[in-house]
Amino acid sequence: MAAVRLGCAQRDGIDTHSVVEGIPTVAEIAESCAELDDPSENQVLVEHGGGIVGYSTIRWWLERDGTWLYLHRGYLLPQHRGQGIGSAMLDWAECRIRRLAQQHGTTRTAVFGANAMSGEQDATTLLLEAGYRRVFSLVELELADLRQLPGSKPLPADVRVGAVDPSTYRTAWKTVVDSYADAAFTERWTFESFLATADPTCWRAAWVGSHMAGVALCSIRRHDPTVGEVEELSVRTESRRLGLGRTLLLDGLRCLREHGARTARLYTGTANPHRSYDLYESVGFRRQNEYVRYRKSIAERPHRGVPKE
């Protein structure tokens, strides 16, 4: 499976250092498969000549608006494309998802989901021909040299910035969740999920008076400690336009640098209403790739793909 991902890289224009979807190691693929609900049923392998040439997986989650998103993601080596195999993989995923939605009792609120990077032209064509529509996209940015950071601007006298400790975990989580209150296509994020991955080493928060007004949740990439990631940057509505976002971002980036990171990555929605893209570019981040999210009604007719002889 790792060889399939590596074999797709050049044709699909994969960003090898991406924090959204790069080239995973064998260990990372093993971890991902172990996290699947019933891997034997929700993952399919494509074999040819005794080797794996492609695979597809299914995951699902509940979004804030009550939508159940069933995401399928497939990979197929370039030399095996154009023979109907990708269509057959897509057909398998849709049929399996319909059965899952029936079992879960979510058919009325379920949708198919699929992802494709901007360079994945084969996958994009397949999805569009199967009736999927583009609903939003993410753009990934990189700050290539953490030694080159601009200075911070003065903050109002009643604002302070500091570390996030366990006593303020719930407040930090709520700050992020509230910032997505009006955002479409976002997964419900429970406090338990927040705790399961909590790593506060490079987490920073801003307080206006005694109230937490914003957070920057930054981390060192586990499989590449030279790369830092800005996982979340959130400022409460009533505290925006005070310069908190920029200050938190720079404070988090400096912390990443102090812990060995040389570069930093992040991703954001291209239609972000708070102009976060402008903020990131102002401190040195530059665009790397675009990741498009597609959806299709589960009520639509199944896509039928039959491999050609």
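Let me start with one pair of side chains: Asp122 forms a salt bridge with Arg81, and their closest N and O atoms are 2.8 Å apart. This pair links distant parts of the chain, since Asp122 sits in helix H5 and Arg81 in the loop between S3 and H4, 41 residues apart. Please keep in mind that we are looking at a predicted model. Of these two partners, Asp122 is partly exposed, at a relative accessible area of 30%, while Arg81 is buried, at 18%.

Asp122 comes up again when we turn to the second largest pocket, which holds about 500 Å³ of space. This pocket is lined by 26 residues, and the closest to its centre are Gly86, Ser87, Asp122, Ala123 and Leu126. Among the elements that each supply at least two residues of the lining are helix H4 (85-104) and helix H5 (121-129). By kind, the lining divides into 10 nonpolar, 11 polar and five charged residues.

Going back to charged pairs, the whole structure contains 20 salt bridges, and I would like to show you two others. In one of them, Arg222 meets Glu31 at 2.8 Å, N to O; because Arg222 lies in the loop between strands S8 and S9 and Glu31 in helix H2, the pair ties together parts that are 191 residues apart in sequence. Here Arg222 is exposed, at 61%, and Glu31 is partly exposed, at 31%.

In the other, Arg265 and Glu140 meet at 3.2 Å, N to O, joining strand S10 to strand S5 across 125 residues of sequence. Arg265 is buried, with a relative accessible area of 3%, and Glu140 is also buried, at 0%.

Methods. Residues are numbered from 1 along each chain as its sequence is written. This is a predicted model: local features need pLDDT of at least 70, side-chain atom pairs count only at pLDDT 80 or more; totals for chains, interfaces and linings use all residues. Side-chain values use heavy atoms; hydrogens and water are left out. On a 1 Å grid over the protein atoms alone, a cavity is a set of points where a 1.4 Å probe fits but cannot get out, and a pocket is an open set with protein on both sides within 12 Å along at least five of seven lines; lining residues have an atom within 4 Å of a point. Grid points are joined across faces, edges and corners, and a volume is the space filled by probe spheres set on the points. Helices (H or I, at least four residues) and strands (E, at least two) are DSSP runs, numbered from the N terminus. Ala, Val, Leu, Ile, Met, Phe, Trp, Tyr, Cys and Pro count as nonpolar, Asp, Glu, Lys and Arg as charged, and the others, Gly among them, as polar. A salt bridge is a side-chain nitrogen of Lys or Arg within 4 Å of a carboxyl oxygen of Asp or Glu. Buried means under 20% relative accessible area, exposed over 50%, partly exposed in between (1.4 Å probe, protein chains only).
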